[in-house]
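Reader: I would like to learn how to read this model feature by feature. Where do we start?

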Amino acid sequence: MEIIKVIPRGFCKGVVRAINIAKQTRDEYPEKNIYILGMLVHNKYVIEALEQYGIKTIENKAKSRLELLDDIPDGVVIFTAHGIHELVKEKALSKGLICVDASCLDVLRTQDMVKKHIQQGYKILYIGKKNHPEASAVCDYNSNIHLIEKETDIHELPHYDKVFVTNQTTMSASDVYELFNITKNKYPNSIISDEICNATSTRQQAIRQLENIDAFIVVGDSSSNNANRLAQIAAENNIKQVYLIDDVNDLSIESIKQLDRVAITAGASTPTYLINQVIHALETNDSTHQEIDIKKIL
Ligand code: SF4
């Protein structure tokens with residue numbers, strides 16, 4: 001079996017930065033309780049490794065970031081790579097918490113653009129995923145911003161004179177471009193800004209260029225939007241067997257060992273250690289259970 005290791009794969013610059021900020025915060029405030037508001041990045045092993053650094057993740061899918069703050073009594077709060085709404089920051093400061101922002105710079109640029117266009121009187125159409133923290137940070141609490149997930153969301157909107165259209169950074173490029181076109185038909189004068197980040201677009205592009213692949217493996221957490229999009233793009237690229245796996249123990253060597261060409265990639269929040277374990281299992285045809293050493297995650 002030939003194993004094609006797709007490049008680039010794994011941690012992006014925004015994730016590396018967020019993890020470094022979390023570690024530096026631990027060093028800077030050794031005596032204080034440190035909490036992350038939501039998952040710093042969408043990978044359960046990264047969250048576990050941060051716990052070992054004494055950094056606690058506060059997450060509850062049923063609660064908004066604003067509500068989650070009620071579960072943090074004191075100390076330092078770190079905002080995740082996905083960005084944060086101003087109201088949440090204000091509430092954290094009013095509770096006396098020390099705030100550390102690990103928002104990715106690409107996410108912040110999109111947020112700034114949205115703010116600027118609202119000030120100029122535009123209605124915002126934001127293509128993203130409902131309840132995803134990056135989309136929530138932009139869309140919640142502002143009636144001038146419409147979250148767009150599908151074509152009908154655009155058709156249901158009234159006429160607007162000034163429209164600015166943008167998107168969550170980790171969406172599938174083809175899905176976003178389709179919705180951009182529909183928007184342009186409805187609002188011919190709209191301003192469109194493609195905000196798929198470079199890490200996302202290069203990872204997606206690398207998959208689209210693959211040919212004659214029998215099976216495709218994405219190492220990544222099922223809660224990660226970018227990992228899910230990589231699996232979606234592989235399926236759209238007519239690869240028959242596509243697997244999204246958390247770690248090496250989810251790998252079914254039996255179902256792929258007879259195949260000729262198997263490609264592997266990883267979401268932007270997947271640690272290199274987890275990817276290498278999967279590659280090693282593929283190369284050695286090893287289907288035995290592997291220990292995941294949390295100390296090697298970060
Ligand atoms: S996927 Fe893109 S937007 Fe998200 S953290 Fe990485 S670089 Fe930033």
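Reader: Which domains does the domain assignment of the chain give?

Author: Keep in mind that this is a predicted model. The assignment gives domain 1 (2–11 + 199–296), domain 2 (13–104) and domain 3 (106–196). Note that domain 1 is written as two segments of the chain.

Reader: How far apart do the C-alpha centres of domain 1 and domain 3 lie?

Author: The separation of these two centres is 31 Å. The contacts are a separate matter: eight residues of domain 1 meet eight residues of domain 3.

Reader: Which element gives the most to the side of domain 1 that touches domain 3?

Author: Helix α10 does, with five residues. Both α9 and α10 supply at least two residues each to that side. By residue class, the side of domain 1 facing this contact has one nonpolar, six polar and one charged.

Reader: Next, the sheet. In what order do the four strands stand, and is the pairing parallel or antiparallel?

Author: In general, strands of a sheet pair through backbone hydrogen bonds, and the pairing can be parallel or antiparallel. Here the order is β1-β12-β10-β11, the sheet is open, and the pairing is parallel. At the edges are β1 (2–5) and β11 (241–245), each of which pairs on one side only. From one strand to the next, the twist averages 20°.

Reader: How many bridges join β1 to β12?

Author: Four bridges connect β1 with β12 (residues 261–266), and the two strands run parallel. For a place to look, find E2, which stands opposite R261 in β12.

Reader: Which helix packs on the sheet, and which strands does this helix touch?

Author: Helix α10 (residues 225–236) packs there, touching β10 (215–219), β11 and β12. The direction of α10 makes about 175° with that of β11. This is the helix already met at the domain contact, where α10 gives five residues to the side of domain 1 that touches domain 3.

Reader: Now the ligand. How many residues surround the ligand, and which are the closest?

Author: The ligand is surrounded by 15 residues, and the closest are C12, G14, C104, T169 and C197. Elements giving two or more residues to this shell are α1 (13–28), α5 (105–119) and α9 (198–208). The largest share comes from α1, with three residues.

Reader: How do the residues of the shell divide into nonpolar, polar and charged?

Author: The shell around the ligand has eight nonpolar residues, five polar and two charged. Helix α9 also appears in the domain contact, supplying at least two residues of the side of domain 1 that touches domain 3.

Technical notes:
Residues numbered from 1 in each chain as written. Predicted model: local features only at pLDDT ≥ 70, side-chain atom pairs only at ≥ 80, totals over all residues. Pairing = 2+ DSSP bridges. Axes fitted to C-alpha atoms, helices over the stretch in contact; angles between N-to-C directions. Contact = placed C-beta atoms within 7 Å. Near = placed C-beta within 6 Å. Nonpolar A, V, L, I, M, F, W, Y, C, P; charged D, E, K, R; others polar. Domains from an automatic or database assignment.
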